[in-house]
Amino acid sequence: MNSLLIKNSTRNILVIPKRQNSSFQKVGVVGLGLMGHGICQVTAASKLHSSVIAYEAEQKFLDKGKERIETSVSKLVSRGKLDQSDGDKILSSITYSTNVQDLSDSDFVVEAVIENMDLKKDLYSNLGRICKPETIFASNTSSLSITDMAELSGRPERFVGVHFFNPVQMMKLVEVIKTKYTDPDVFEKAYQWAMDIGKVPVTCGDTPGFIVNRLLVPSLMQAMLMVDRGDASVKDIDLSLQLGAGHPMGPLHLADYIGLDTCYFIVKGWTEKFPDEPSFVLPECLKKMVENGNLGRKTGKGFYYWDGDKRGDPAIVQ
């Protein structure tokens, strides 16, 4: 059985996959951005597949994704959390390609492209034509409808959601999403695959935001509505959730970290598709900051000032 030797300062921990062989021999990952490169890396690190194909349509994005994976693995090795030999095996097991035909005989294809339904429509229409009939498709979307994409693929019974969390290499949770079309055996294989690569899967139907974001994002909006009304300061809202509810960071800090544009487009899509859902609402302060290009950590200003990943003082003073 394949395994990885993970080290820390006090002891070595041998991490052994739950199963010796995955249901999927060849796994494809489409999109090597923030989420996709991590999914590709943990898939390769599981050493359960005969082939891992990393696909980007453009060479520059493929090269950037490859660099991200190499940098991530190098950091694990330099910090003593991964043996050099295992790091080399992870990197050598990934095949990088700009030819979509290289995905044609994949058993499982995970899509992690940007949250644009038009782009995904073209992608799944193409994959549906070129991939073998047995191929299972899985989207890592955090906010779009799995059902809509399943219908676009031409094989809705072989379509699931597998929503990872950032950073993929560290976060254990994966939401595995089924639709009214999903074949139970297909869902079980996807669920088991998430376990096989070392994650903790949970099951959810195709509800907006699934479990985590359906609960989290409206709570962020409620914090922003408090800012709109002048109920409390940015600093006190965040401090209250940290010290009163045990959250590692407050909701406005978290929104800045995620990206205020990301929060905006998620909720905007929900409000347009579900106008009668009272928990889906766009606060005025969020609209104004996005319009002004103040998107949080990534631009250096949102609810707080930022210096790289270091949070500064509140940018909104009440």
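This note goes through a predicted model of the protein, from its overall build to single residues.

1. Overall build. The secondary structure of the protein comprises 11 helices and 12 strands, and its C-alpha trace extends over about 60 × 50 × 35 Å along the principal axes. For 318 residues a compact globule would be expected to have a radius of gyration near 20 Å, and the value of 21 Å found for the protein agrees with that.

2. Burial, contacts and surface. Of the 318 residues, 47% count as buried. Among contacts with a separation of 6 or more, 67% are between residues 24 or more positions apart. The exposed surface of the protein comes to about 15,400 Å², of which carbon and sulfur atoms supply 52%. As for charge, there are 37 positive and 39 negative charges, and their mean positions lie 5 Å apart.

3. Helix 11. In helix 11, which runs over residues 284–291, the buried residues are C285, L286, M289 and V290. Because these residues cover an arc of only 130° around the axis, they sit on the same side of helix 11. K288 and E291, by contrast, are exposed on the other side of the helix. The cover over the buried residues of helix 11 includes helix 7 (212–229) and helix 10 (260–273). Just after helix 11 comes G293, whose phi is positive at about 80°.

4. Helix 3. Helix 3 spans residues 84–92, and its buried residues are D86, G87 and I90. Viewed down the axis of helix 3, these buried residues fall within an arc of 100°, so they line one face of the helix.

5. L123. This residue belongs to helix 4 (residues 117–130), and it counts as buried because its relative accessibility of 14% is under the 20% limit. Apart from neighbours within four places in sequence, the residues in contact with L123 are V30, E111 and V113. R68 stands 55 residues away from L123 along the chain, and the C-alpha atoms of the two are separated by 23 Å.

6. N140. The loop between strand 7 (136–139) and helix 5 (146–153) holds N140. Is N140 buried or exposed? With a relative accessible area of 7%, N140 is buried. Residues up to four places away in sequence being left out, N140 touches M35, I39, E111, A112, V162, H163 and F164. E111 is thus in contact with N140 and also with L123.

7. A cis peptide bond. The bond from N166 to P167 deserves a look in the model, since the peptide is cis, with omega near 0°. P167 is placed in the loop between strand 8 (159–163) and strand 9 (173–178).

8. Positive phi outside glycine. K47 has a phi near 60°, a positive value in a residue other than glycine, and it lies in the loop between helix 1 (36–45) and strand 4 (51–55). F210 likewise has a positive phi of about 60° although it is not a glycine, and its place is in the loop between strand 10 (200–205) and helix 7. As to accessibility, K47 counts as partly exposed at 22%, whereas F210 is buried, with a relative accessible area of 3%.

Conventions: Residues are numbered from 1 along each chain as its sequence is written. This is a predicted model: local features need pLDDT of at least 70, side-chain atom pairs count only at pLDDT 80 or more; totals for chains, interfaces and linings use all residues. Side-chain values use heavy atoms; hydrogens and water are left out. Helices (H or I, at least four residues) and strands (E, at least two) are DSSP runs, numbered from the N terminus. The radius of gyration is taken over C-alpha atoms; the globule rule is 2.2 Å times the number of residues to the power 0.38. Buried means under 20% relative accessible area, exposed over 50%, partly exposed in between (1.4 Å probe, protein chains only). Contact means heavy atoms within 4.5 Å. Accessible areas come from the Shrake-Rupley method with a 1.4 Å probe; for residues, only the protein chains shown count as cover. Lys and Arg count as positive and Asp and Glu as negative; His and the chain ends are not counted. The place of a charge is taken as NZ of Lys, CZ of Arg, CG of Asp or CD of Glu. The arc is that of the directions from the helix axis to the C-beta atoms.
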